[in-house]
Amino acid sequence: MIAARNGRAGGARLAALGAYVPERVVTNADLERQVDTTDEWIVTRTGIRERRYASADQATSDLAVLAAGDVLRNSRMDPADVDVVIVPTCTPDHLFPSVAAMTAHRVGAVNAAAFDLQAACSGFIYGLAQATALVESGIARNVLVVGAEVFSKIVDMEDRSTCILFGDAAAGALVTAGEPECPGGFLGFELGADGSQAMDLCIPVGGTRRPASQPFAREEAFVQMNGREVYKFATRVMEESVVRLLDRLEVGIGDVDLLVAHQANLRIIDHAVKRLGIDGSRVFNNLERYGNTSAASIPLALTEARDAGVLNPGALVLLVGFGAGLTWASCLVRYEPE
Ligand code: UT7
């Protein structure tokens, strides 16, 4: 339960990570049998080789519950001590109720407030910003942020320009309060949105603008994307956002131990890496195996970087993402697991 706390709040810490990916692997060769594409086109244009798809009976909350369970196990936290569950997602089970409320219930976070956060692929960093604000204001001590997406059920499997990009996953983090008066692990955030390009990445039908109760063409119920415009936007904002953030914090790119970018397209990440001048050995990617898992992509990469021994305690980590909205987000955090 969220309650006003009068004690001085400590800084917010990134205390634990965790993830879940569905079992079913869909390779580029599998997609070659479904749409007019080739493994070679997909690999050279995106860097993706395979992705995971949820089973027919798995919805987003089913993935979120398993990822949340992994985060809680890694933190050894009693679910009853979680104050808030935030689920960044743009593929909720239903328009409402929230995935977060169902997830909190199913993991036993019986004392938690819960809400979803819609900032598409920027959602995890937006969620970390929310969690940091809740903790550092003293409103909450323990906040679970779990990005969860089932894109395989909202992409058009007849549209080769989108279906090859996305995959399903859930992954997240626990943000906790440090000791009173201690500086937190989160050094700063840079978040933004430009709704003038909103329709460059959208699902036209199913909301209140175009209700599903009215007639519509089949493809309008699926993701529609102006890939080139999103590409141009992404390459611009990723660099701009990071530069603004690092300038404000007076941190040099050479001080960053690890860059984890939204795993949408290797070309977009490589462009940002080059423009920012960060050494390639300090960049962790895993989109080759998962494709774009939207709000789950950054925490999934962080979890795998931890498991690979690339993300170590004390590391200064730069996160950056972009997505529908259009939105962008970056964050600098010192990783301080419990
Ligand atoms: O989280 C945010 C999610 N969105 C993104 O990150 C999307 C950002 N955009 C992109 O990543 C890239 O724009 C794409 C990967 C989507 C496309 O790559 P591109 O290099 O921008 O290709 P394009 O859209 O300019 O298309 C080039 C050609 C076209 O054929 P024509 O018109 O030149 O004859 C497409 O029809 O490639 C064709 N094409 C494909 N060919 C084989 C598009 N998709 C495919 C495909 N296989 N899957």
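Mentor: Two strands pair if DSSP finds at least two bridges between them; strands (E, at least two residues) and helices (H or I, at least four) are DSSP runs numbered from the N terminus. This is a predicted model, where local features need pLDDT of at least 70, side-chain atom pairs count only at pLDDT 80 or more, and totals for chains, interfaces and linings use all residues. Residues are numbered from 1 along each chain as its sequence is written, and side-chain values use heavy atoms, leaving out hydrogens and water.

Trainee: How many bridges join strand 6 to strand 7?

Mentor: Strand 6 covers residues 142-150 and strand 7 covers residues 168-180. Val-150 stands opposite Asp-168 in strand 7. The two strands run antiparallel, and the number of bridges joining them is 9.

Trainee: Which strands stand at the edges of the sheet?

Mentor: The sheet is open, with 5 strands, mixed pairing and the order 1-7-6-4-5. Each edge strand has a single partner, so one side of it is left without a neighbour in the sheet; these are strand 1 (10-20) and strand 5.

Trainee: Where do the buried residues of helix 4 fall, seen down its axis?

Mentor: Helix 4 (residues 99-107) has as its buried residues (under 20% relative accessible area, 1.4 Å probe, protein chains only) Val-99, Ala-100, Thr-103, Ala-104 and Val-107. They line one face of the helix, because they fall within an arc of 130°.

Trainee: What covers the buried residues of helix 4?

Mentor: Helix 4 packs on the sheet, touching strand 4 and strand 5 (contact means heavy atoms within 4.5 Å). The cover includes helix 3 (60-75), strand 4 (84-88) and strand 5 (113-117).

Definitions and conventions
Buried < 20%, exposed > 50% of the residue type's maximum accessible area, 1.4 Å probe, protein only. Arc of directions from axis to C-beta. Axes fitted to C-alpha atoms, helices over the stretch in contact; angles between N-to-C directions.
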